[in-house]
Amino acid sequence: MKIFISYIKTNILWVIFFIALILFQTVYMHLAGISQNDCIYGLVLGSIVFLAVFCSAFAVYFKKYKKLQRIELLDIDEQSYMPETSDCIEQLYQDIVENQVISRKQMRADKDKTNSEMLQYYGMWVHQIKTPIAAMHLLLQTNLSMAADNESAEEIYFRVSELKKELSNELFQIEQYTEMALEYQRVQSESNDFVLGKIKLDKVIRESIRKYAKIFIRKKLSMHYDGTDIIVASDEKWLSFIIEQILSNAIKYTKAGSITIHVLPNASNKIVCLEIADEGIGISAEDIPRVFEKGYTGYNGHENKSSTGIGLYLCKQAADKLGHRLEIESEKKKGTKVRIYFYT
């Protein structure tokens, strides 16, 4: 009954039109002086033709309804196989449904790809973070086994001091890996926690240098930075992350020499360029176009087993969202320059 009422509502104008046409024809025949029997015959004949057309159309409508009911029970990916359309409106509806299904498939494929990449990254991250943890266990066991009853206070102090230093270095590595995992999750998230504001560039740079000060000392690398009073439009937390990652890479791939941070002369009144340059092993020319790709490590990454190819990718993602531009210039065995362009 429900489908019949729906069919009537859908075709109400045509039903009214045909009933009015039949009545008009009957009245016309009566006024034209045709006998009453012939008028009744014409009315009955017209009604039969109307009912035949009406029932035939309803049968097609009912068949399509049943087919759509069966399609409704299928998986959503199979619901694009709709019955043949009878007009342009139905075709448009089907096109909309098909576009929705295609869009959903694409979204699911993108989500599956993201989840796969995330699982791959965290699998690699677990193996990475196990290294400093294992090193800390080894350091503790070694120092305990080497302890002797006849050691002097100075020797014990020296041993504890060295142990503390080594444990601090390994703990710093764990903190770095943990921070990287958190930033990876934030960048991949659809939520946006970027808050743009006026940032003192000098403050962010000095805090980043201070964070890596112990590594500079341990590796005997020199740092050159003269300071700046420039204020840029950025997000302090994410800008710190970008600078720290670039600085971390510079330290990692520089065995000896110096790292220089300076602000280049303004190419424009509204654009500022910060350059971080090192004297490290450099990047091969064929690797430079792909250094910002997720998971790409290149030749240096193969040489350095701890490289993940995630740091610069996250820098690029964050920079794009902040409206900053990243550039890399490098020559193998001569060092690398990374430039960040800001709006003031």
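**Exercise 1. Work out whether Lys-333 is buried or exposed in this predicted model, and say what its backbone is doing.**

Start with the accessibility: Lys-333 comes in at 73%, so it counts as exposed. The cut-off for that label is over 50%. Next, find its place in the chain: Lys-333 sits in the loop between strand 6 (325-331) and strand 7. Now look at the backbone, where phi is positive, about 65°, although the residue is not a glycine. As a rule, most residues other than glycine have a negative phi.

**Exercise 2. Repeat the analysis for Lys-220: which loop holds it, and what is its phi?**

First, the location: Lys-220 belongs to the loop between helix 7 (213-219) and strand 2 (222-225). Second, the torsion: phi of Lys-220 is near 60°, another positive value in a non-glycine residue. Third, the surface: with 74% relative accessibility, Lys-220 is exposed.

**Exercise 3. Find the pairing partners of strand 5 and decide how covered the strand is.**

Take one side at a time. Strand 4 (residues 258-264) runs antiparallel to strand 5, and six bridges link them. To check the register there, use His-262, whose bridge partner in strand 5 is Glu-275. Now go to strand 7 (residues 335-343), which also pairs with strand 5 in the antiparallel sense, over seven bridges. A handy register mark here is Ile-271, bridged to Tyr-343 in strand 7.

Then check the cover. Strand 5 spans residues 271-278, and seven of its eight residues are buried. Cys-273 has a relative accessible area of 6%, so it is buried.

**Exercise 4. How many disulfides does a search of the whole structure find?**

Zero. Don't read burial as bonding, though: Cys-273 is buried at 6%, and Cys-315 is buried too, at 0%. For a sulfur pair to count, the two atoms would have to lie within 2.5 Å.

**Exercise 5. Which residues touch the most other members of the largest nonpolar core, and which helix gives it the largest share?**

Step one: the core has 48 residues, and the ones touching the most other members are Ile-242, Ile-243 and Leu-247. Step two: helix 8 (residues 236-252) supplies the largest share, nine residues. Step three: there is another core, lying apart from this one, with eight residues that include Ile-129, Leu-163, Leu-167 and Tyr-177.

Now zoom in on Leu-247. Skipping residues up to four places away in sequence, Leu-247 touches Ser-208, Ile-209, Tyr-212, Phe-216, Met-223, Ile-259, Ile-261 and Ile-276.

**Exercise 6. What does the side chain of Thr-26 reach, and at what distance?**

Place the residue first: Thr-26 is in helix 2 (residues 12-31). Its relative accessibility is 16%, so Thr-26 counts as buried, the limit being under 20%. The side chain of Thr-26 reaches the backbone oxygen of Ile-22 at 2.9 Å. Ignoring neighbours within four places in sequence, the contacts of Thr-26 are Cys-39 and Leu-43.

**Exercise 7. Sum up the whole chain: how many helices and strands does it have, and what share of its residues is buried?**

Count the elements: 10 helices and seven strands. Then the burial: 35% of the 344 residues are buried. For the outside, the chain exposes about 22300 Å², with carbon and sulfur atoms supplying 60% of that area. Finally, the contacts: among those between residues at least 6 apart in sequence, 71% join residues at least 24 apart.

Note on methods: Residues numbered from 1 in each chain as written. Predicted model: local features only at pLDDT ≥ 70, side-chain atom pairs only at ≥ 80, totals over all residues. Heavy atoms only, no water. Buried < 20%, exposed > 50% of the residue type's maximum accessible area, 1.4 Å probe, protein only. Helix = DSSP H or I, 4+ residues; strand = E, 2+ residues; numbered from the N terminus. Pairing = 2+ DSSP bridges. Core = buried A, V, L, I, M, F, W, Y, C linked by side-chain atoms within 4.5 Å. Contact = heavy atoms within 4.5 Å. Areas by Shrake-Rupley, 256 points an atom, 1.4 Å probe, with all protein chains shown as cover. Polar contact = N/O pair within 3.5 Å; in protein donor to acceptor, adjacent residues only side chain to side chain.
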